[in-house]
Amino acid sequence: MIGATALLAALFAAPVSAAPAQAAVAPPDIPLANVKAHLAQLQSIATANGGNRAHGRPGYLASVTYVKGLLDAAGFTTQQQTFTYNGATGYNLIADWPGGDTSDTLMIGAHLDSIAAGPGINDNGTGSAANLEVALAVARTGFQPDRHLRFGWWGAEELGLRGSTAYVNSLSSAQKAAIGGYLNFDMVGSPNPGYFLYDGDNSDGTGAGPGPAGSAEIEDTLEAYFASIGVPTRGTDFDGRSDYGPFIAAGIPAGGIFTGAEGRKTAAQVTLWGGTTGAFDPCYHAACDTTANVNDTALNRNSDAIASAVWALADGGTEPPPGETVYLDTFETATGWTANAGATDTATSGAFERGDPAATTSGVATQLGTTVSGTNDLVTGAAAGAGAGANDVDGGTTTIRSPAITLPAGTLTLSFSWYLAHLNNATSGDYFRVRVISGTTTTTVFTQAGAASNRAAAWQAATVNLSAYAGQSVRLQVEAADTGTASLVEAAVDNVTITRA
């Protein structure tokens, strides 16, 4: 990733079409050992070539040769594109997987160069190695998606996005329009990682604004994967510091993952992801950016996330599309959920509301101050109050009900993130649950009972088959209760989604 002083100015604009939403074929698990083996090779290349893999240095060309050899053997059609910067020849490696609609190409990229001061294993061996292993998984599985797949490894990113800029500049208007989406992966294994997604829809409302049309879908696809494994994400701005810059300047939708560079992790982010309040990568742009400077858990999660996004975004085109989103609410805006809609609530405090939650603890975390995405969720008493028990659920049941949702025919799946927290004064009479209201019938489709033990708040993902309600108009109702002895109970839900297969 380039430093903050080497940001890219806007280049071009070109019309694009949105990409398909989800995959019909399940993505493979990407072996962490394979990704780390590629990193070991890049480290060996740097060690044998003056300690770096920088533009114009022999270690960079050796890195290109290593990646190209594996892709050629796997059946990719590769092209080694050259450009000149600072009097030295630079190289981009472009690899096309045969098949798919070339007028609707999904491109996946990462920069392969390091700075001159070090081997650049996190920045950006991690993105390069993860993308390489995903490309090899495409070949191993014989994946033949509807869209054409193209992978790119960029040179001289550290000197101002020179390689990716040269590539985009080399394309005609028609060739730019044929790239329906670009996924960028730069630093996906930082040793003190965060889980940031490029803010395609500008839901954070900061910095450069949204990406081109289709960028929000890329962000949503990645966000859905992390929600499925219970890992919260946060947005990061399209600030021009990596190779998506030339693509979004050309009107090409983009997205990707970033685990953090020289910035420092806040205390709130430590609560969210673990780690320390130090730099996300203390070896950023330094000689110590070696294979020891990588967090295996982050690298493993992100490699699988890349594969999930590639499989999801590359396939589709049928009607209805696989994984079509029927309903989605992240609670960032008010969409008609109604508290105590049935006028049956008995709780005297801690009523469900849409809000920005404050963190509360009482020996264990009882209310999370962070959501799965964005700022708001549905939570029992968003404010912290004077103490952990000030706005918890007391004295009975609290409910919040969705607006009417018209469900189409087909196989339907409800997914959502949730938690129930309580102390050891809770009982099995306390609960969190989700119900479906269809006509005059109310059915519980998910429940978690309390118990006489400490249960810390932690986001979890849940799925429910709603196919029995196909063709009906339904409402969802989220409930929490403190119905036993007086106890400290908190609950929340986020990212409620219904999809049709």
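**Notes on helix 9 and its surroundings**

1. Starting with the length of helix 9 (residues 296-314): at 1.5 Å a residue, its 19 residues ought to span 27 Å, and the end C-alpha atoms do sit 27 Å apart, so expectation and model agree. Keep in mind throughout that this is a predicted model.

2. How covered is helix 9? Mostly: 15 of its 19 residues count as buried.

3. Have a look at the start of helix 9, too. There, N295 points a side-chain oxygen at the backbone nitrogen of T297, coming to within 3.0 Å of that atom.

4. Next, the packing against helix 1. Two packed helices are described by the angle between their axes and the distance between the axes. For helix 1 (residues 32-47) and helix 9, the axes come within 10 Å and cross at roughly 110 degrees. Angles of 65 to 115 degrees count as roughly perpendicular, so that is the label for helix 1 relative to helix 9. The crossing of the two is right-handed.

5. Which residues make that contact? On the helix 1 side they are L32, V35, K36 and L39, and helix 9 brings D296, L299, N300 and S303. A spacing of this kind is worth reading with helix geometry in mind: an α-helix has 3.6 residues a turn, so residues three or four places apart point the same way.

6. One last residue to check is N131, which lies in helix 3 (residues 121-141). Its relative accessible area is 0%, so N131 is buried. Leaving aside residues up to four places away in sequence, N131 touches I108, G109, A110, F151, W153, F185 and I306.

Key: Residues numbered from 1 in each chain as written. Predicted model: local features only at pLDDT ≥ 70, side-chain atom pairs only at ≥ 80, totals over all residues. Heavy atoms only, no water. Helix = DSSP H or I, 4+ residues; strand = E, 2+ residues; numbered from the N terminus. Expected span 1.5 Å × (residues − 1). Buried < 20%, exposed > 50% of the residue type's maximum accessible area, 1.4 Å probe, protein only. Polar contact = N/O pair within 3.5 Å; in protein donor to acceptor, adjacent residues only side chain to side chain. Axes fitted to C-alpha atoms, helices over the stretch in contact; angles between N-to-C directions. Parallel < 35°, antiparallel > 145°, perpendicular 65-115°, else oblique. Left-handed = near helix turned anticlockwise from the far one by under 90°. Contact = heavy atoms within 4.5 Å.
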